[in-house]
Structure formats: C-alpha cells, structure tokens
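Colleague: Before I rely on the labels you use for this model, I would like each one set against its definition. Could we go through them in turn?

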Amino acid sequence: MLTSPLFLEIVLFPGLLSIAIIGALLGWLERKVTARVQLRIGPLYASPAGGILQMFADLIKLSFKELFVPENSDAFFFIMAPTTGLVLGAALVGLIPFAPGLQIANIEVGLPAFLAIITLSPTLILLAGWSANSKFPFIGGLRALFQQTAYEIPLWLSALGVIMMAGTMNLGQIVNAQTSGWFILPQALGAFIFLVTSVAEMERLPFDLPEAESEIMMGWQAEYPGVLFLAAQGPGFVKLYAFSALFSVMFLGGFLGPSFLPPLFWMLLKTLLIIVLIMLLRSTFPRVRLDQLLRAGWTTLLTLAIINIGITYILVVGFPTL
Amino acid sequence: MVAQGIPEIGSYIAFLFVSTVALVIILRLFVSPRDPRPTPEKKKPFESGQIAAGPGRTRFIIQYYPYLLMFVVYDVIAMFLFAWGLNLRALGASGSVPVLVFIVVLLIPLGYALHLANHRENW
C-alpha cells in the first residue's frame, strides 16, 4: 500500500506534499519577481539562498497565532470556506497530466471537470464574505460574484476551441493531439482569452477586485486570523500552479518536447514560464474597476471568444488534415 | 472508455478524501493557542481602526444585476456547445448547421441584452 504508485502520486508528486511546497515556493517567487520589477530586493534573510525559506517562516509564525472567530459571524461557514478552498486547489492539480501516466485522475471529461471545480471558488468567497459579518469582506464577496459573471463564459468558450481542435476532453489526449503542432498557433486568440480570463479567475492583479488591498483592505480575507489567513491565501497560489499547468497542457503541448530530457521537465518548465508571465502581469498593470471588467468581459472578451469559435470551426471543417 | 474511467474516479475520490483528512489533522494541530485575558474589542469587525457602525452585511451592489440575469441564461447555453464541439470532426459542415443557426439566433437577444445592461441608468 505504502509503495504503490497511486499512493505515492497522491502523497508525494503531483499530490499533497508537492502542492504544499510548490505553493509556498510560489509565494516566495512572486515576492521576488515583484521586487525585481520594482527595483527592490524582496525577502532576503530567511536562508542563504535569497530568502527562499521566507514563506515557511511565515507559515510557522501564522500557525502560532491565536485563532478566533469575529463576533456575530457564522463560525461554521467562516472556517469552512477557506479550508474547502484548499481542497479544491488540490483537486485541480489532481486532474493535470504531468507526464505520460503521472496523473492522479485520468478522467474522460478532465477539462470540463477542471473548469467546473474552479467555478465553485467564487461561491466560497461569497460565503466567506457573508459569514464574517463585516463590511469589507462582504463587499469583496459580492465583487467576486459579479466578477465571475464577467469571465466565466469567455473562459469556457476559449476552452471549447481546444476541444474542437482535439476532438476530446481528456487532458492527456489533448496533449497527444498536439504532437504535430502546439495549439498556441491555431488557437492564438483562444490562448489570449484563456490567459486573461484565468487571471481574472485567480483574482490576481489586474483583476484582484475581491481582495483589493488598497480599496477594501484584502476584501474577503480581512477578518481571517492566524492559520486561517494562511488557508485563505494558499488556494490562490495553488490555483496559479494548476492554471499555469492547464495552460501549458491546452496550448503549449504539455509534456511534449525534445526527448533528451524527461517529459516531466518540459511540463514543469512550461508551467514555470506561464507562472512568471502571470506574475509579471501583476507587477505591471493597474487594477481595473468592476464596471470596466464587467463591460470588457461581456462585450470584448465574449465577442473575441465567439470569433475564435468561428475561426476554429473553419479550421477544423475546412482543413480536416490539420 | 467508460469502464476504464471508473477506477480512476475511485482514485480521485481517494485523493480528495486524503487531502481533506490531512487538512483536518493540520488544522487540529494548530487550533491550540488561547488568549488568557480576552477583551471584547478583539472580536469586533475590522473597520480600519474605527468602531464598527451599523450592520456588517450592508446593501447589495445592485447596479450590475442585468449581467447576473444574462449569466444565468447564457452560462447554461454555453454548455450545450461542448457536446457539439467534441463531435465536430464527425459531424462535419452539414451536421453543424442546426448548431450554427442556434448560435446566431441566440446572439441577437444577447446583443440587445448587452445594449440594455451597458446603459445602467435604465436600471
């Protein structure tokens, strides 16, 4: 049992332990990248190698803080929302094929399952904001709800382009369909829409309206103490990891690459490139307003997504040999 | 293909179960420190240092309500396209005509709804 491949996948890689370590390392990487862009240094002291242990030090510090629930709040949902968010993040990574055979759940509807699981996260944010009985979290939760209506349909429609090209919803088979050419070329518009909407889905800058720290004080996370704040922050990094991996699976050929290095290396390299790209977006763009985001999502992004479906239809039906 | 998928779903459920158990254990370990002298101010809602005024659950943002209505309709409709997109190579151009008519018919009310929703003063 303890040495069976499935158990090792669940516990070590790509399962729980690696998700926790990669999430913490992404927190460090984000601070470093943002610092470099802003001509700062970033975390420095927590280890000899550029403060790489800073997030683990933060984890220990936050774990020993007192846990309490604000008065008049709904304690069950207040604690349930961020912890369920952590489980959802792990569920996302479980669907990603990191190499042939190295995948926890190889299900036939992998891509819609991923998008369906991610759809739950704004609901959890609204629940967290409602249960805290405080103004800033409630406004943040409502913003998450409205923001979801702006990006959800373009996100699904940009994924539909890949399904039309590949003729399958299984993520491993989507990778294998790209042996003759990555989908980033015929699906360039779809890849752009998917990147923008997934950044909005992860609630990162420039779309971090639910936790805009300069407007509503971290929004829905404002009331969380100690380790619960960690549980509220953690899913953001796990979602960044999972979405970057999904982007490389859908558009960049996943684990395909020259054979002198293992497939896992190519998969992680592409994932890391997308992660750094999304982090650079964070440090270069200002935050949009809610009405700007709603209008852009419903007019520009939705129109582009429908145009992308038209282009894909012409490509698939007109040139069946592609 | 379906029979192949069943044990995979079982392993996925096992994965979710293990992750939940690990989470509960970790949380249980850390739910220990207690304040020896609790003060009532500590549990007040945070309002940037001010004393909290009024109810915590304030008014809903209502001016974007038309977008919510459109979302309820068109999010479900977008799902129908997935069944078509999956079988596009088998259906070909002739099999796709009903779906294309379906899309065009739906785009006209979508455009009108967007026109109304983008003029928020109507609401």
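Colleague: How do you know that the span of helix α5 of chain A agrees with what its 22 residues should give?

Modeller: Helices here are DSSP runs of H or I with at least four residues, and strands are runs of E with at least two, numbered from the N terminus. The expected span is 1.5 Å times one less than the number of residues, so α5 of chain A, residues 110-131, should span 32 Å, and its end C-alpha atoms are indeed 32 Å apart. Just after α5(A), A:N133 takes a positive phi of about 55 degrees. This is a predicted model, in which local features need pLDDT of at least 70 and side-chain atom pairs count only at pLDDT 80 or more, while totals for chains, interfaces and linings use all residues. Residues are numbered from 1 along each chain as its sequence is written, with chains lettered from A and ligands numbered from 1 in the order in which they are written.

Colleague: What makes chain A as compact as a globular protein of its length?

Modeller: Chain A has 12 helices and zero strands. Its radius of gyration, taken over C-alpha atoms, is set against the globule rule of 2.2 Å times the number of residues to the power 0.38; the value is 20 Å, close to the 20 Å that the rule gives for 322 residues, so the chain is as compact as a globular protein of that length. Along the principal axes, the C-alpha atoms of chain A fill a box of roughly 65 × 50 × 45 Å.

Colleague: What share of each chain is called buried, and by which cut-off?

Modeller: A residue is buried if 20 or more other C-beta atoms, placed from the backbone, lie within 10 Å of its own, exposed if 12 or fewer do, and partly exposed in between. By that count, buried residues make up 55% of the 322 residues in chain A, and 11% of the 123 residues of chain B, whose secondary structure comes to four helices and zero strands.

Colleague: Which residues count as being in contact between the chains?

Modeller: Two residues are in contact if their C-beta atoms, placed from the backbone, lie within 7 Å, and the contact takes 54 residues from chain A and 49 residues from chain B. The largest share of the side of chain A that touches chain B, 13 residues, comes from α6(A).
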